[in-house]
Amino acid sequence: MDSKILMTVLLSFVPVLLLLSSTEAHVEYGAYNTTCPQAEKVVYEEMVNILATSPDLAGALLRLHYVDCFVRGCEASILLNSTSNNKAEKDAELNKDVRGYEVIDRIKAKLEVACPGIVSCADIIALAARDSIRLSNGPNIPIGTGRRDGNGSSASDVPLNLPSASANITLLLSLFAQYNLTAKDLVVLSGAHTIGKAHCYSFSDRLYNYNGNGSSDPRLDANYQTVLKQQCIPNDVTSLVGLDANNATAFDLGYYSGLSQKKGLLTSDVALLDDATTNAYVLLQANKTSTDQFFADFATSLMLMGKIGALTHGKGEIRKQCSVLNPAPPPTPTPSPAPKPISASPEMRSAFSSVLSACLVLSYFFIQFY
Ligand code: HEM
């Protein structure tokens with residue numbers, strides 16, 4: 001082929017290639033290595049300090065990453081406050097007990113001093129979740145960064161994307177599948193319930209009103225039920241119970257062994273026993289002594305979850321304050337209209353041409369006679 005034709009054909013693909021590369025989300029390891037090399041260290045040191053005084057927040061921050069990613073993607077929509085004309089995600093019924101917002105604000109304040117306007121709130125949530133796992137004796141997961149912050153949040157998006165505590169396996173599988181997360185990802189990520197707590201109202205129907213008939217859930221171990229009833233009296237709206245009956249502060253296999261012993265706390269946890277793939281994984285981990293495989297699986301699935309709907313390549317913004325959108329930039333001044341050419345009236349034009357003609361006649365005579 002003629003080299004010019006070849007070049008033309010190749011060049012005609014450039015816009016398509018540019019478009020493709022700009023729509024592919026890149027959450028990559030060490031995205032702040034040049035722009036803010038100390039970013040991950042700042043987050044880790046703050047997390048060490050925070051969890052030293054409030055160890056309960058480890059679970060809260062891991063959950064924050066999940067509820068952020070499942071609604072609009074991992075772009076910090078969960079952190080935005082409601083406004084007079086918009087009810088935000090954090091005020092949705094399903095999110096009423098999500099905690100840890102003040103931790104993100106505290107870390108953001110430190111990062112704005114270290115590297116103003118560089119580190120996104122979405123990345124701070126992801127890094128805080130990563131460090132919560134690590135500081136609970138879990139794996140140190142090499143998560144990617146480079147997410148940017150979104151520009152909206154709506155409470156009405158929440159029930160469509162987040163399963164409730166009473167979700168069955170069909171609903172759980174389909175909600176995860178909408179983000180290309182498999183049955184294995186579902187059972188692995190649910191393993192996050194190895195740390196953290198749930199309010200009594202998230203499972204009290206299983207104790208006092210199973211299927212609306214005043215009985216208790218037969219899939220709940222009888223002794224465990226007695227313990228739970230002591231911790232949660234009917235209509236208790238404040239008390240918290242560990243999600244992992246064995247040890248709710250260590251990132252370990254206790255969640256799976258609890259599930260296999262009829263000690264799963266939420267209906268959605270017990271639902272994992274109702275699908276062949278998820279059931280097999282629960283039983284596999286329940287009988288292991290080494291956490292190696294669970295840790296490796298959790299790292300893989302968490303990194304997948306952390307890429308859901310991530311905004312990169314200049315989309316979105318880096319919020320200055322995580323709970324509010326950046327102020328809109330001032331409108332660009334519209335260029336003042338070009339001055340109109342002064343147009344002469346017909347009378348002026350005829351007067352001007354008369355003067356001009358007279359000048360021409362006079363010059364003619366002047367040249368002739370002198
Ligand atoms: C599979 C679907 C899921 C459902 C239905 C679900 C539901 C819940 C519920 C109802 C609570 C207790 C809220 C309360 O009563 O205060 C909770 C807590 C928690 N969830 Fe999930 N969750 C799911 C998946 C996940 C995932 C994928 C993660 C993280 C990767 C996660 C991490 C956590 C953590 C760490 C807590 C404890 C929070 C705290 O201590 O404040 N959950 N979840």
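**Iron**

I started at the metal: the ligand's iron atom takes one protein donor, NE2 of His193, at 2.1 Å. Donors here are N, O and S atoms within 2.8 Å of the metal (3.2 Å for Na, K and Ca), and water is not among the atoms, so sites may look incomplete. I noted that this is a predicted model, where local features need pLDDT of at least 70 and side-chain atom pairs count only at pLDDT 80 or more, while totals for chains, interfaces and linings use all residues. Residue numbers run from 1 along each chain as its sequence is written, and side-chain values use heavy atoms, with hydrogens and water left out.

Where does histidine 193 lie? I found histidine 193 in the loop between α8 and β1; helices (H or I, at least four residues) and strands (E, at least two) are DSSP runs numbered from the N terminus.

**Polar contacts of the ligand**

I listed pairs of N or O atoms within 3.5 Å; for pairs within protein, one atom must be able to donate a hydrogen and the other to accept it, and residues adjacent in sequence count only if both atoms are side-chain atoms.

- Arginine 99 has a side-chain N or O atom 2.9 Å from a ligand oxygen.
- Aspartate 97 has a side-chain N or O atom 3.4 Å from an oxygen of the ligand.
- Histidine 193 puts a polar side-chain atom 2.9 Å from a ligand nitrogen.

**Shell around the ligand**

I counted residues with a heavy atom within 4 Å of the ligand. The shell has 25 residues, with Arg99, His193, Lys197, His199 and Ser202 the closest. By class I get 13 nonpolar, eight polar and four charged; Ala, Val, Leu, Ile, Met, Phe, Trp, Tyr, Cys and Pro count as nonpolar, Asp, Glu, Lys and Arg as charged, and the others, Gly among them, as polar. Which element gives the largest share of this shell? α3 does, with four residues.

**Pockets**

I then looked at the space itself, on a 1 Å grid over the protein atoms alone: a pocket is an open set of points with protein on both sides within 12 Å along at least five of seven lines, a cavity is a set where a 1.4 Å probe fits but cannot get out, and lining residues have an atom within 4 Å of a point. The ligand occupies the largest pocket, by the rule that more than half of its atoms lie within 2 Å of the grid points.

That pocket has a volume of about 900 Å³, taken as the space filled by probe spheres set on points joined across faces, edges and corners. It has 37 lining residues, and Arg63, Tyr66, Pro163, His193 and Leu266 are the closest to its centre. α3 again has the largest share, six residues of the lining. The lining splits into 22 nonpolar, eight polar and seven charged residues.

The second largest pocket holds about 220 Å³. Of its 15 lining residues, Ser166, Tyr210, Asn211, Asp217 and Thr267 are the closest to the centre. α9 (205-208) and α12 each give two or more residues to this lining, which I tallied as five nonpolar, five polar and five charged.

**Cavity**

How many cavities of 30 Å³ or more are there? I get one, with about 30 Å³ of space. Its lining includes Leu243, Asp244, Tyr255 and Lys263, and the classes come to five nonpolar, three polar and two charged.
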